[in-house]
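Here is a note for a colleague who is opening this entry for the first time. Please keep the sequence and the 3D view side by side while reading the points below.

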2 protein chains.
Amino acid sequence: MIKFSDVKIVLLETSHPGNIGSVARAMKTMQFSELHVVNPLCEINDISFAMASNAKDILESAKVSKNLNIVLKDCNFVIGTTARQRDIPIEIINPKKLADNISKYQYGKIAILLGNESRGLTNDQLSKCNIGCHIPSNKAYTSLNIASSLQIILYEILMKSNTGMSNINKIDKKNLASHDKVTAFLEHTDKVLKDINFIKDDRPMISRKIQHIFKKADLTEEEINILRGILTAIENHSQ
Amino acid sequence: MIKFSDVKIVLLETSHPGNIGSVARAMKTMQFSELHVVNPLCEINDISFAMASNAKDILESAKVSKNLNIVLKDCNFVIGTTARQRDIPIEIINPKKLADNISKYQYGKIAILLGNESRGLTNDQLSKCNIGCHIPSNKAYTSLNIASSLQIILYEILMKSNTGMSNINKIDKKNLASHDKVTAFLEHTDKVLKDINFIKDDRPMISRKIQHIFKKADLTEEEINILRGILTAIENHSQ
């Protein structure tokens, strides 16, 4: 598994200041921090900082340089992004496969290269890479914004690493009610619906259909308590 | 499986014109096309069109309206995005799980809601959703740009659907050389390296190590031919 602090994000000949900022934001949301800007065709300016939002620290520590070889000198795995087919001999894989692959080995420094917005990486730049990465997309329009491309690639790496991620995902099944609590609730429901003459003894199917609704809902204990409260309220009201 | 043309992307109270354009671009790259803008806090202007790049058609056909309920009227599954924990009862899953889930059922129209850039969806807006979607991210900075968030969600749906995708991914193993071709090449290599006195009969290990290098390379037939050309050139040169 790689250390995120060992990954260099390298922008080549970027022409829009806003994109450099958007890249910084994408990096920070996915826990990456080392940004290199090689031969930019624009300045890092106020627009960059506006687009970086709360990732200003990454922009401030970005290293601007002129020589890609020097940036890659200490890297032992270099990834090149591409939106289009190339005639050079290089393996091209999707971000999921990339994340799988780099999770298998021990690496030192890794670099991910993103080319100019209009033309992408040159063949010469891509030839410096160990592997290419292409994001499956609309055949008729494969051109993702560079920050969006990077966002997907880093997201796949983060998902694969499964470390330090925000986790607000929740599925309310922790306190799923026990079988006897559900059964008691369903019996209570049946009784109340008979009391108010909704269910009649000669029509058992309607009773089963109502039970099915509540079984599908994967009720928690708290929810059962709320529903039994409703049943009791109905009972009290109809006395 | 869902039809992409049945998915509505719904922006609520968006405040930056550029983001509306970036969302259109993210949609088109992932094969989605129906954009709704509800109560925007900005205009769709030149900046929007610049950020949309070649997805201008999606911006031009975007529907601006004032009432979310009307937009959702014909939807039978509504997804709400969120970067933060909520106190309302709603299941929240990650984009991979979301793509898995919606691939299992038959739906009519589906909507994906994205809230205002600063505060996200309100609890009231999120309560209209069947499910929430959170992108695992940096615990200390979960705030992805809205277009980047959407890019990841639509990418996961596209990857799961596996339909009509660009596929320039290539692994050069189609024409992997046959075992006897590789063996003949390795024998040829051995012979030449002995001829030029690089390999000596009393050091078989170096011969095995060189064989290992080429075995790891998963050589194609074409590559074998190139390498044998080099061996022949060495033979001719040293005569």
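Which residues does B:Val23 touch, not counting residues up to four places away in sequence? The first point takes this up, and the later ones move on to the sheet, the two chains and some single residues.

1. The model is a predicted one, and the core is a good place to begin reading it. B:Val23 touches B:Ile9, B:Leu11, B:Leu35, B:Ile146, B:Ala147 and B:Leu150, once residues up to four places away in sequence are left out of the count. The largest nonpolar core holds 105 residues, and those that touch the most other members are A:Val23, A:Met27, B:Val23 and B:Met27. As a general background to this, nonpolar side chains in soluble globular proteins tend to be buried together.

2. Chain A contains an open sheet of seven strands, in the order β3-β2-β1-β6-β4-β7-β5, and the pairing is parallel. Its edge strands are β3 and β5 (92-93) of chain A, each of which pairs on one side only. In general, the strands of a sheet pair through backbone hydrogen bonds, either parallel or antiparallel.

3. On the side of the sheet that ends in β3(A), strand β1 (residues 7-12) of chain A and strand β2 (residues 34-38) of chain A are joined in the parallel sense by five bridges, and A:Leu12 has A:Val38 in β2(A) as its bridge partner. Between these two strands the chain passes through helix α1 (residues 17-29) of chain A, in a β-α-β crossover that is right-handed. β2(A) pairs in turn with strand β3 (residues 63-65) of chain A, in the parallel sense and over three bridges, with A:His36 standing opposite A:Lys63 in β3(A).

4. Strand β6 (residues 109-114) of chain A deserves a separate look, because five of its six residues are buried and the strand is therefore largely enclosed by the rest of the structure. Five bridges join β6(A) to β1(A), the two running parallel, and A:Ile9 stands opposite A:Ile112 in β6(A). Strand β4 (residues 75-81) of chain A also pairs with β6(A) in the parallel sense over five bridges, and here A:Gly80 stands opposite A:Leu113. At the β5(A) edge, β5(A) and strand β7 (residues 131-133) of chain A pair in the parallel sense over two bridges, and the bridge partner of A:Ile92 in β7(A) is A:Gly132.

5. How are the two chains related? Chain A is superposed on chain B by a rotation of 180 degrees with 0.0 Å of shift along its axis, at an RMSD of 0.1 Å, and that is the relation of a two-fold axis. The same surface serves both copies, since 100% of the contact residues of chain A recur in chain B.

6. In the contact between the chains, 43 residues of chain A meet 43 residues of chain B. On the side of chain A that touches chain B, the elements that give two or more residues are α1, β5 and α7 (146-161) of chain A. Of these, α7(A) gives the most, with seven residues.

7. In chain B, helix α7 (residues 146-161) has 16 residues and reaches 23 Å from its first C-alpha to its last, which is close to the 22 Å expected at 1.5 Å a residue. Because 14 of the 16 residues of α7(B) are buried, this helix is largely enclosed by the rest of the structure. B:Asn162 follows α7(B), and its phi is positive, near 60 degrees.

8. Helix α7 of chain A includes A:Glu156, which counts as buried because 26 other C-beta atoms lie within 10 Å. Leaving aside neighbours within four places in sequence, A:Glu156 is in contact with A:Pro95, A:Lys96, A:Leu98 and A:Ala99. A:Glu156 and A:Lys96 are 60 residues apart in sequence, yet their C-alpha atoms are 5.9 Å apart in space.

9. Two further residues with positive phi may be worth checking by eye. A:Asn197 is not a glycine but has a positive phi of about 65 degrees; A:Asn197 sits in the loop between α8 (179-195) and α9 (204-216) of chain A, and counts as exposed with 8 C-beta neighbours inside 10 Å. B:Glu13, also a residue other than glycine, has a positive phi near 50 degrees; B:Glu13 lies in the loop between β1 (7-12) and α1 (17-29) of chain B, and is partly exposed, with 19 other C-beta atoms within 10 Å.

Technical notes
Residues numbered from 1 in each chain as written. Chains lettered and ligands numbered in written order. Predicted model: local features only at pLDDT ≥ 70, side-chain atom pairs only at ≥ 80, totals over all residues. Helix = DSSP H or I, 4+ residues; strand = E, 2+ residues; numbered from the N terminus. Expected span 1.5 Å × (residues − 1). Buried ≥ 20, exposed ≤ 12 C-beta atoms within 10 Å, placed from the backbone. Pairing = 2+ DSSP bridges. Right-handed = clockwise from strand over helix to strand, strands pointing away. Least-squares fit on C-alpha atoms with pLDDT ≥ 70 in both. Contact = placed C-beta atoms within 7 Å. Core = buried A, V, L, I, M, F, W, Y, C linked by C-beta atoms within 7 Å.
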